[in-house]
Amino acid sequence: MNIHEKYMLRCIELGKKGLGSSAPNPMVGSVVVYEDKIIGEGFTSPYGGPHAEVNAIGSVRDKQLLKKSTLYVTLEPCSHYGKTPPCADLIIESKIPEVVIGIQDPHKKVAGKGIQKLWDAGCKVTIGILEQECKNHHKRFLTFQEKKRPYIVLKWAETSDGFIAPDKRLRNESPEPFWITNPYSKQTVHQWRTEEQAILVGTSTVLEDNPKLTVRHWAGKNPIRIILDRQLKIPSDFHVLDGSVETMAFTEFDDSSQYVDGVTYKLLDFNQSLPGQICDWLHKLSISSVLIEGGSQTLQGFIDAKLWDEARIFTGDTTFGSGIRAPKISGHTLTSTNLLSDNLTLLIND
């Protein structure tokens, strides 16, 4: 590992601190190095706040050292005015002579303009350090920019005999949710919820389980709740319509008199394939990542449409014997690990 890679790894490590809070901005990490010593660090603030480079430069105590320092950053510094001024301008104003960048920003307002601005100001610029690692780190942002859709994570739990939900008979005998996995796995899912901008479920999942879709077993921000409710079947007293969290419903009913206050409604053509329509809406709304938790029909729809990036599948040690079968999926197995009595398989769409 060379010296540039060493500091870029630290940038990636810092950038992860913005997971779940910086979106839809990318979770950038940055360090300022003087004589082989880090003198400043930063990562992207919650959306609307300063970017990583601003925070890194701002943390340097002796600003005179900036004129002899190197700034490392996972993503090309922005060159345009958004909610904050251009980071490239601050780097130039600070007279930092060298900038090392992980990857170029594909955003149409940047796309090499930040790098060009630094070159024009006389900065030495190095691009492509730990390029693959930086691409993986920025996978949500890159998917949103390049594929014009959110980064999609599928999640479900299935029994050891391949069911995602029990037979209706069991539902009638016990209306409470049937837990396939152990409490540790449940806590892990709540952690995942804090990491994505939105969470999506279908109508049947809401009607069967009356879920809250919030974060209760982990510290972090609640995702935007997205529900499919074609015919507005979900009762207004269900948790997902309680107004406690930003919530959006996709429906075919163009009748605002039937809408629940505090919920945003968007129209879909339910006679056509839904995943593509949903992705188009979420892209328009600047939602860069979504965790899809069910049910089986909703998950299978995204799988069949090939609109998914990761699948996180828990397999518990329980059996149902009959019920709703788990989705069918194929992909590249990234990892397979045990969480106490459960197995967690991570797939990526290849």
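With 0% relative accessibility, C11 falls under the 20% cut-off and so counts as buried. The model is a predicted one, and this cysteine is a handy way into it. C11 takes part in no disulfide, and the nearest cysteine sulfur, on C134, sits 7.7 Å away. In fact, the structure holds 0 disulfides. C123 tells a similar story: this residue is in no disulfide either, and the nearest cysteine sulfur, that of C87, is 13 Å off. With a relative accessibility of 8%, C123 also counts as buried, because the limit is 20%.

Back to C11, which is one of the buried residues of α1; the full set is H4, Y7, M8, C11, I12, L14 and G15. Looking down the axis of α1, these buried residues fall within an arc of 160°, so they line one face of the helix. What do the buried residues of α1 pack against? Their partners are the strands β1, β2 (37–43), β3 and β4, plus the helix α5 (131–137). The length of α1 checks out as well: its 13 residues, at 1.5 Å a residue, should span 18 Å, and the end C-alpha atoms are 19 Å apart, which agrees. At the N-terminal end, α1 is capped by N2, which places a side-chain oxygen 3.0 Å from the backbone nitrogen of H4.

M8 of α1 turns up again in the largest nonpolar core, which has 36 residues; M8, V32, L71 and Y72 are the members that touch the most others. Several elements supply at least two residues each to this core: the helices α1 (3–15), α2 (52–58), α3 (87–93), α4 (113–120) and α6 (139–147), and the strands β1 (29–34), β3 (70–75) and β4 (98–103). Which of them gives the largest share of this core? That is α1, with 5 residues. As for V32, leaving aside residues up to four places away in sequence, its contacts are K37, I38, I39, G40, A56, I57, V60, L66, S69, T70 and L71. Apart from this core lies another one, of 30 residues, including A165, A198, L268 and L299.

Then there are the backbone oddities. Most residues other than glycine have a negative phi, and most peptide bonds are trans. Where do the exceptions show up here? The peptide bond from A23 to P24 is cis, with omega near 10°, and P24 lies in the loop that runs between α1 and β1. Another cis peptide bond links G294 to G295, with omega near -5°; G295 has its place in the loop between β12 (289–294) and α11 (296–304).

On the phi side, N210 has a positive value of about 45° despite not being a glycine. N210 belongs to the loop between α9 (203–209) and β9 (224–228). Is N210 buried, exposed or partly exposed? With a relative accessible area of 25%, N210 is partly exposed, because that value lies between the 20% and 50% limits. K306, also a residue other than glycine, has a positive phi near 60° and is found in the loop between α11 and β13 (310–315). At 64% relative accessibility, K306 is over the 50% limit and therefore counts as exposed.

Terms used:
Residues numbered from 1 in each chain as written. Predicted model: local features only at pLDDT ≥ 70, side-chain atom pairs only at ≥ 80, totals over all residues. Heavy atoms only, no water. Core = buried A, V, L, I, M, F, W, Y, C linked by side-chain atoms within 4.5 Å. Buried < 20%, exposed > 50% of the residue type's maximum accessible area, 1.4 Å probe, protein only. Helix = DSSP H or I, 4+ residues; strand = E, 2+ residues; numbered from the N terminus. Contact = heavy atoms within 4.5 Å. Expected span 1.5 Å × (residues − 1). Arc of directions from axis to C-beta. Polar contact = N/O pair within 3.5 Å; in protein donor to acceptor, adjacent residues only side chain to side chain. Disulfide = S-S within 2.5 Å.
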